[in-house]
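This report goes through the fold, the helix packing and the charged pairs of one protein chain. The sequence and the structure come first.

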Amino acid sequence: MEDGSRLEIIKANPIGKGLNSFRTSFGSTSRGLAISGLDGLSLTSAELKNSLLDLILALLSLPASRSLPSEGSNINLFGDLSVLNTTVNSGNFDIERILPLLRAVLNNEPDEVIWDNVYAAVAASTAFTFAKPTTPPLSSPSLAASFQQTPWLHNTGSFANSIEHRKYVDGVLKEELGQLYVGVPDFFDAYFGSVSGLKSVAQAVFDKCKEGNDPLFQEESGWQGWPASARERDVLSWFAPLTGQLLDFAAENQPASRPRRRPLAQPHQPVQGSTADRKLDVGFVDDPSAGVDSKCHWSQILIPGELKSNPSADRASKAWLDLGRYAREVFAAQDSRRFVLGFTLCGSLMRLWEFDRLGGIASEQFDVNKEGLQFVSAVLGFLWLNEEQLGFDPTFITSDGTRYIEIERNNQKERLIIDEVMMRAPCIAGRATTCWRAHRDRDDSRTPLVIKDSWQFPEREEEGELLREATDKDVINVARYYHHETVQVGGQDDDIRGNVRRGLDVTKATNYKLESTMPPPSTTVPSLSRKGRSSNAAGRKRSSSCTNAPLPPSKRTCSSSPVKGGRAKADRVHRRVIVRDYGKPIYMASSKTRLLAALQGCIAGYKSLHTRDGMLQCDISPNNLMVNEDEDNPSWPDFLIDLDLAIKEDREKASGARGKTGTRAFMAIGVLHDDEPHSFMHDLESFFWVLFWICIHYNGSQGRVVQEFDKWNYANTEELAKLKLGTVSDDEIFRKTILEHFTEYYQPLIPCVNSLRKAVFPGGGRWRIPNPKLYDEMEEILRTARDELNEVEG
């Protein structure tokens, strides 16, 4: 025991008689096996394995295990032992690795010797867990199962009840954005070439800047007033008034009406509307009266900018990531934003940027003091771009204060009036799901509909088709289908590579490196023109809700693109789904009994989807479980939404997907380990985590952040799996956890949650054999808890 702090903990927490019960139990077992000592042990016997599991559980109950430090990334040694317990229980672990620990315990060795052997056993289990598996033969039944697995990618839209501290968010945002491509040829022409008169007016304005005895720009020295130190505050003091002068010169050359925007420079004042305090160096807003002291909201920021005094900061970990952070806030605050344009200025070196649902791309670098015309063109371009050119969705129309979209359904046009934004995923790259509550125009009953937009990989089957299929099969308590389509902008499918990025080729970027390739899926990848989609590109958007094309049998691709060449070759398509069930997230239920009833109803809906349509939803989270308590709302009282990640249980082929995202706090332990095919059992476990999370993070409908669980949003999958297993594996630890962290409002649900834990985690461990009866067991637990609460509250 080399660590002095460990030795102090061991001395302060003696084992004493804590392992005597185990020694007695093992003695009885060894006599039953006719074993007089350890040398005669049969290493394959089930009795020995059970005895070792009993030893681990005995060690878990010792106070020292919760105080001793972890060998890895767990909170303490308790977490390591929980992982060891799972590893031994798997049956594939070399039990001989743990025998030194068993000998030390049976021989009553000193405490420090026992704990030394505990750490050795933990190290052995970690090596087993992370060892690279050997490739199984093609006939191995496990191979087909592993083919169906899809790695999970981290995404900033998956945080739940988080403070979104920058030191945590930045790491996830880097993973989300992936490679940012800079020096993309023809960037300026792609995004500013359609601005009427920009080229000629920019030239006239630049010529004006060079006139007179005291010109604004000189070829030898650059812009007048440019601060040699390029300090942030000095650059801001130079930038804002110069922008005004450029606009005045432009008005002389083209007095036609233009959007009147102003630069906003508030590097030390947080912009309103973000979860955590976020400050913006500089940007352009649609407010001609905006000043230094103006309070601004992220919904007003049209073009964000990032300033750095050092030119060397023009790299991924500095200016690029900072601008990406701003773009994420703009996306989150502006519900119809398809892409975000911005700029970085590092010293006098400028880049123009575009962020979208695949990541970010940028122009070639240019020096504002050497390429003055390029600078003038960029500034006037930012000031003159119309809303569609800035990235706003033109299919959302505002007229006389009413906001609406139009669809073509059953060969008739319908106008859907937007009532409110329900949710928008706060991310850049990803599905970026947004939902609006709406109703049909001239519908006096205002029967609610829900419009859902998301950016999907084109290889995936459409969620709308899956919803229609589930509706046709009379699946209960799942949002019912109304319409779906691929959104069109500019007369073509609204995808990233062709439409948003205007066909720009990122493989020609100055920092492009050939990414590792992966083979295409063995299934045929449906193209954008496959049956079930109209080929007519003349309209603004194209309906696919009236087709009769069936789903391919027994297969469906997952949420990420298998495209050869990695992200550089990937694409996303803007899809729209409309359903006729509206509710609010389950944590907003009006009472504890209503919450339990809603959870029970959603489990019934999941069971119906699984048994009637053979579908696994694969993304159970609070925002995907809905409750309807409005008497005049004809929607299901309780129902599931979101089949974006759903799969057919009997699919035969690999998805070929590179990765998918979900809300990690609610993922099953087995999914986090990514060592087993997705099962209905995983989703039933997610229902447990949803209730567990709600009871900790909501006091009624009032949410809060709990620091101990905030880390669940940022931990890697292996670490989070260990945290979860350590939470549920021991009765005493679990009871202590819920007593300490359940809000006062949800304390009465402790017996119910504990009963669900015992059903979902038999023996305190992960399930090994699927249990179809678990549906009924969970529903009965929830029903009983409701009855008991009704008696108490009544």
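## Helix packing

In what follows, helix axes are lines fitted to C-alpha atoms over the stretch in contact, and the angle between two of them runs from 0 to 180 degrees between their N-to-C directions. In this predicted model, helix H11 (residues 198-209) packs on helix H12 (residues 232-253) with an angle of about 120 degrees and an axis separation of 9 Å. Angles of 65 to 115 degrees would count as roughly perpendicular and those over 145 as roughly antiparallel, so H11 is classed as oblique to H12.

The crossing of these two helices, H11 and H12, is right-handed. On the H11 side the contact is made by Val201, Ala204, Val205, Lys208 and Cys209, while H12 contributes Leu246, Phe249, Ala250, Glu252 and Asn253.

## Overall fold

The protein contains 25 helices and 26 strands, and 58% of its 794 residues count as buried. Among contacts between residues at least 6 apart in sequence, 74% join residues at least 24 apart.

## Two enclosed helices

Helix H13 (residues 316-333) has 18 residues, which at 1.5 Å a residue should span 26 Å, and the 24 Å between its end C-alpha atoms agrees with that expectation. Because 13 of these 18 residues are buried, H13 is largely enclosed by the rest of the structure.

Helix H16 (463-472) is likewise largely enclosed, since 8 of its 10 residues are buried. The buried residues of H16 are Glu463, Gly464, Glu465, Leu466, Leu467, Arg468, Glu469 and Ala470, and they pack against strand S14 (449-456), S15, strand S19 (573-579), H18, strand S21 (615-616) and strand S24 (647-648). After H16 comes Asp474, which has a positive phi, near 60 degrees.

## Salt bridges across the chain

The model has 39 salt bridges, counted where a side-chain nitrogen of Lys or Arg is within 4 Å of a carboxyl oxygen of Asp or Glu. One of them pairs Arg403 with Asp335, with the closest N and O atoms 2.8 Å apart. Arg403 belongs to strand S11 (residues 402-409), whereas Asp335 sits in the loop between H13 and strand S6 (340-346), so that distant parts of the chain, 68 residues apart, are linked. With a relative accessible area of 22%, Arg403 is partly exposed, while Asp335, at 15%, is buried.

A further bridge joins the side chains of Lys473 and Asp613, at 2.9 Å from N to O. Lys473 lies in the loop between H16 and strand S15 (481-486) and Asp613 in helix H18 (residues 592-613), so this pair ties together parts that are 140 residues apart in sequence. Here Lys473 is partly exposed at 39% relative accessibility, and Asp613 is buried at 4%.

## A buried pair and a network

What are the burial classes of Asp638 and Arg594, which form a salt bridge with their closest N and O atoms 2.8 Å apart? Asp638 is buried, at 10% relative accessibility, and Arg594, at 17%, is buried as well. The pair links strand S23 (residues 638-640), which holds Asp638, with helix H18, which holds Arg594, the two residues being 44 apart.

Beyond individual pairs, a network of salt bridges links Arg431, Lys452, Glu463, Asp619, Asp642 and Asp644. Among the members of this network, Glu463 is also one of the buried residues of H16.

Terms used:
Residues numbered from 1 in each chain as written. Predicted model: local features only at pLDDT ≥ 70, side-chain atom pairs only at ≥ 80, totals over all residues. Heavy atoms only, no water. Helix = DSSP H or I, 4+ residues; strand = E, 2+ residues; numbered from the N terminus. Expected span 1.5 Å × (residues − 1). Buried < 20%, exposed > 50% of the residue type's maximum accessible area, 1.4 Å probe, protein only. Parallel < 35°, antiparallel > 145°, perpendicular 65-115°, else oblique. Left-handed = near helix turned anticlockwise from the far one by under 90°. Contact = heavy atoms within 4.5 Å.
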